[in-house]
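This report introduces a protein structure to a reader who has not met it before. It begins with a question about a single residue and then turns to the wider picture.

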Amino acid sequence: NTQSISGKGTKKAEPSHNKTSVKSKKITESIQTAFVSIPQGAEVIVNGQSKGKTPVIFSQQKGLYKVELTKELYYDTTLIINFDKNQKFDIPIKQKAKIVTINTKPEGSALYLDGENKGTTPVKLVVNFGKHQIRLVNGKYTIKKDILFSEKSPPKLNFKMNPFVNY
């Protein structure tokens with residue numbers, strides 16, 4: 001039962017006697033968000049939920065969110081972002097390690113990285129950037145070397161096992 005109060009079409013609601021209730025719906029607006037990492041391939045996690053690997057586009061409700069980018073061999077990047085409009089984010093991520101192959105001639109030398117046995121050459125391993133000690137042992141031949149690993153380090157290191165004394 002409603003009636004017009006004025007000629008402008010305004011209506012007054014009369015109390016209803018039926019037991020049907022109307023629940024209010026909270027309306028939240030979704031926006032399009034794009035993430036690109038430099039380099040690509042980082043997983044994008046928004047408030048603990050994976051959204052895929054970069055480059056990625058997804059819908060997100062407006063609001064403040066914790067966004068994490070993770071990628072093997074790279075530092076995790078965490079951001080707090082207010083999603084308030086359609087937007088694209090270009091996020092550089094910093095490399096922290098690389099995969100290195102260590103070879104010896106002849107093959108079969110024991111490889112120690114910072115005193116820890118990593119196997120017998122050839123060996124492929126993940127090395128964090130920074131200074132590390134490599135020791136290679138093949139019978140009576142040993143090489144001990146401090147090496148500074150960085151983004152510019154070669155992906156392969158080759159050592160020729162030579163006899164020496166008190167090295």
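Is Asp-90 buried, partly exposed or exposed? Asp-90 is partly exposed, its relative accessible area being 44%. The model described here is a predicted one.

## Overall composition

The protein has 167 residues, and 31% of them count as buried. Its secondary structure consists of 16 strands and zero helices. The accessible surface amounts to about 11,800 Å², and carbon and sulfur atoms account for 49% of that area.

Contacts across the sequence can also be described. Where the two residues in contact are at least 6 apart in sequence, 41% of the contacts join residues at least 24 apart.

## Salt bridges

Two salt bridges are present in the structure. In one of them, Lys-88 is joined to Asp-90, with 3.7 Å between the closest N and O atoms. Lys-88 counts as exposed, since its relative accessibility of 54% lies above the limit of 50%. Its partner Asp-90, at 44%, is partly exposed.

Lys-118 and Glu-116 also form a salt bridge, and here the closest N and O atoms are 3.3 Å apart. Lys-118 has a relative accessibility of 32% and counts as partly exposed. Glu-116 is likewise partly exposed, with a relative accessible area of 47%.

## Strand S11 and its partners

Strand S11, residues 110–113, pairs with strand S12, residues 116–120, in the antiparallel sense over four bridges. Within this pairing, Tyr-112 has Asn-117 in S12 as its bridge partner. The two strands S11 and S12 make up a hairpin with two residues between them. In the turn of this hairpin, Asp-114 has a positive phi of about 50°.

Strand S11 is also paired with strand S14, which covers residues 130–138. This pairing is antiparallel and has four bridges. Ile-134 in S14 stands opposite Leu-113. As a general point, side chains in a regular strand alternate between the two faces of the sheet.

Tyr-112 takes part in a further arrangement: the charged end of Arg-135 sits over the ring of Tyr-112, at 4.3 Å from the ring centre.

## Aromatic pairs

The structure contains five aromatic pairs. One of them is formed by Phe-35 and Phe-58, whose ring centres are 5.9 Å apart and whose planes differ by 5°, a stacked arrangement. This pair links distant parts of the chain, as Phe-35 belongs to strand S3 (residues 30–38) and Phe-58 to strand S6 (residues 56–61), 23 residues apart. Phe-35 and Phe-58 are both buried.

How are the rings of Tyr-65 and Phe-83 arranged? Their centres are 5.3 Å apart and their planes meet at 50°, so the pair is tilted. Because Tyr-65 lies in strand S7 (residues 63–70) and Phe-83 in strand S8 (residues 77–83), the pair ties together parts that are 18 residues apart in sequence. Both of these residues, Tyr-65 and Phe-83, are buried.

Which residues do ring pairs link into a cluster? The cluster consists of Phe-35, Phe-58, Tyr-65, Phe-83 and Phe-89.

How values were computed
Residues are numbered from 1 along each chain as its sequence is written. This is a predicted model: local features need pLDDT of at least 70, side-chain atom pairs count only at pLDDT 80 or more; totals for chains, interfaces and linings use all residues. Side-chain values use heavy atoms; hydrogens and water are left out. Buried means under 20% relative accessible area, exposed over 50%, partly exposed in between (1.4 Å probe, protein chains only). Contact means heavy atoms within 4.5 Å. Accessible areas come from the Shrake-Rupley method with a 1.4 Å probe; for residues, only the protein chains shown count as cover. A salt bridge is a side-chain nitrogen of Lys or Arg within 4 Å of a carboxyl oxygen of Asp or Glu. Two strands pair if DSSP finds at least two bridges between them. Rings of Phe, Tyr and Trp (its six-membered ring) pair if their centres lie within 6.5 Å; planes under 30 degrees apart count as stacked, over 60 as edge-to-face and the rest as tilted. A charge sits over a ring if NZ of Lys or CZ of Arg is within 6 Å of the ring centre and within 35 degrees of the ring normal.
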